[in-house]
Amino acid sequence: MVLVARCVLAVVLATVLLPVPSAASSRCGADVPGLERRWVDVGAVRLHVATGGPPGAPAVVLLHGVPETWRTWRTVALDLAADHRVVVPDLRGAGCSDPGAVRDPDATTLAADLAGLTTALGLPPAVVVGHDMGAMPAYAWARDRPDQVRRLVLSGGGVPGRGLEELAPPHVAAFAAAPPGALAAAVAGREREVLRAFVGDPAVEASGSLDDAVRAYSAPGRYDAAIGRYRALARDAARNRADPRPLAVPATALEGGAPGISAATLPGADVVVVPGAGHYLQEDRPRATAAAIRALAALRPMRLRP
């Protein structure tokens with residue numbers, strides 16, 4: 001979970017699938033041969049999404065964190081697209097997806113967007129992988145719509161109200177406490193410098209994902225929208241505490257290098273480690289990460305232990 005300086009059937013009928021015009025390519029990240037990009041109207045917002053793989057194949061949905069966009073998953077998505085239907089959205093307010101009218105949307109709101117996306121695309125129940133701040137909507141989605149989530153996989157992100165507050169790095173609480181607009185104003189014009197220092201992973205810069213993040217989070221309102229996800233964590237935690245039941249779907253913590261915050265805040269989950277990877281395992285070891293997700297997708301569903 002990372003961001004900036006250390007101190008960011010009615011629905012189906014209403015759905016419209018729109019190709020991404022070429023003029024938006026530089027703002028949304030360059031095209032990736034083998035993946036198709038479009039905007040999908042899910043009712044409340046319009047999501048920018050990349051898809052790949054055979055339409056009838058088992059589905060995998062890959063969710064980015066902060067300060068990431070859909071492109072952080074591109075190498076993994078292309079690998080999985082050989083035998084899976086892969087869906088990689090920009091979450092609400094990130095990348096090129098609309099921010100919507102709700103300020104600081106919580107994980108449940110983002111999960112509702114993803115439920116609408118699943119319906120719009122006609123996806124079967126999917127393996128859902130939530131990285132970093134993408135872990136929170138992934139968890140909320142699995143909790144609220146187990147009919148759409150076949151397996152939950154959290155990577156480098158924790159569950160609010162299940163120990164995240166005690167285990168998270170200090171920036172999480174600092175970002176959550178920052179007034180709206182304050183951090184965005186503080187880094188304006190210095191996004192590249194700040195994001196490079198915050199990410200601190202040469203693989204992210206070498207892959208071009210740092211450039212993608214700078215371009216996306218420098219756009220008007222987008223940096224503060226990212227910080228808004230941290231401001232919503234207290235509401236996420238309150239809802240999770242109010243519903244202590246175990247998940248109705250199997251869950252896995254997919255960690256880079258060693259078990260971490262995902263495993264610690266998801267009791268009863270299986271733990272899979274990608275050796276040699278850090279927090280950004282999809283950038284550090286994309287082939288190994290894809291292989292791990294493929295293996296998890298092949299597992300027979302079992303209920304999560306309490």
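These are short exercises on one structure, each with a worked solution.

The structure is a predicted model, with residues numbered from 1 along each chain as its sequence is written. Local features need pLDDT of at least 70, side-chain atom pairs count only at pLDDT 80 or more, totals for chains, interfaces and linings use all residues, and side-chain values use heavy atoms, leaving out hydrogens and water.

**Exercise 1. Work out how helices H4 and H5 pack.**

Step 1. Find the two helices: H4 covers residues 107–121 and H5 covers residues 135–144. Helices (H or I, at least four residues) and strands (E, at least two) are DSSP runs, numbered from the N terminus.

Step 2. Two packed helices are described by the angle between their axes and the distance between the axes. For H4 and H5, the angle is about 65° and the axes are 8 Å apart. Axes here are lines fitted to C-alpha atoms, for helices over the stretch in contact, and angles run from 0 to 180 degrees between N-to-C directions.

Step 3. Put a word to that angle: H4 is roughly perpendicular to H5. The scale goes like this: under 35 degrees is roughly parallel, over 145 roughly antiparallel, 65 to 115 roughly perpendicular, and the rest oblique.

Step 4. Now see who touches whom, where contact means heavy atoms within 4.5 Å. H4 brings Ala 107, Thr 108, Leu 110, Ala 111, Leu 114, Ala 115 and Thr 118, while H5 brings Met 136, Pro 137, Ala 140, Trp 141, Arg 143 and Asp 144.

Step 5. Sort the residues of this contact by class, and you get nine nonpolar, two polar and two charged. In this scheme Ala, Val, Leu, Ile, Met, Phe, Trp, Tyr, Cys and Pro count as nonpolar, Asp, Glu, Lys and Arg as charged, and the others, Gly among them, as polar.

**Exercise 2. Follow H5 into the largest nonpolar core.**

Step 1. How many of the ten residues of H5 are buried? Nine are, so H5 is mostly covered (buried means under 20% relative accessible area, exposed over 50%, partly exposed in between, with a 1.4 Å probe and protein chains only). Among the buried ones are Met 136, Tyr 139, Trp 141 and Arg 143.

Step 2. Look at the core itself. A nonpolar core is a set of buried Ala, Val, Leu, Ile, Met, Phe, Trp, Tyr and Cys residues joined through side-chain atoms within 4.5 Å. The largest one has 60 residues, and Leu 152 and Tyr 217 have the most contacts inside it. H5 gives this core its largest share, seven residues.

Step 3. Check the neighbours of Leu 152. Leaving out residues up to four places away in sequence, Leu 152 touches Val 128, Ala 138, Tyr 139, Ala 142, Leu 247, Val 249, Pro 250, Ala 251 and Thr 252.

Step 4. Apart from this core lies another, of 25 residues, including Leu 35, Ala 50, Ala 277 and Ala 292.

**Exercise 3. Compare how H12 and H13 meet.**

Step 1. H12 (residues 222–231) packs on H13 at an angle of about 35°, with the axes 5 Å apart.

Step 2. Arg 229, Tyr 230 and Arg 231 of H12 meet Leu 233, Ala 234, Arg 235 and Asp 236 of H13. By class, that is three nonpolar, no polar and four charged residues.

Step 3. Go along H13, which spans residues 233–242, to Ala 242. Is Ala 242 buried or exposed? Its relative accessibility is 64%, so Ala 242 counts as exposed.

**Exercise 4. Hunt for unusual backbone spots.**

Step 1. Try the loop between strand E4 (59–63) and helix H3 (74–80), where Pro 67 lies. A cis peptide bond joins Val 66 and Pro 67, with omega about 5°.

Step 2. Next, take Asp 104, in the loop between strand E5 (85–89) and H4. Asp 104 isn't a glycine, yet it has a positive phi of about 50°. Its relative accessible area is 14%, so Asp 104 is buried.

Step 3. Finish with Asp 132, in the loop between strand E6 (126–131) and H5. Asp 132 isn't a glycine either, and its phi is positive, at about 55°. With a relative accessible area of 0%, Asp 132 is buried.
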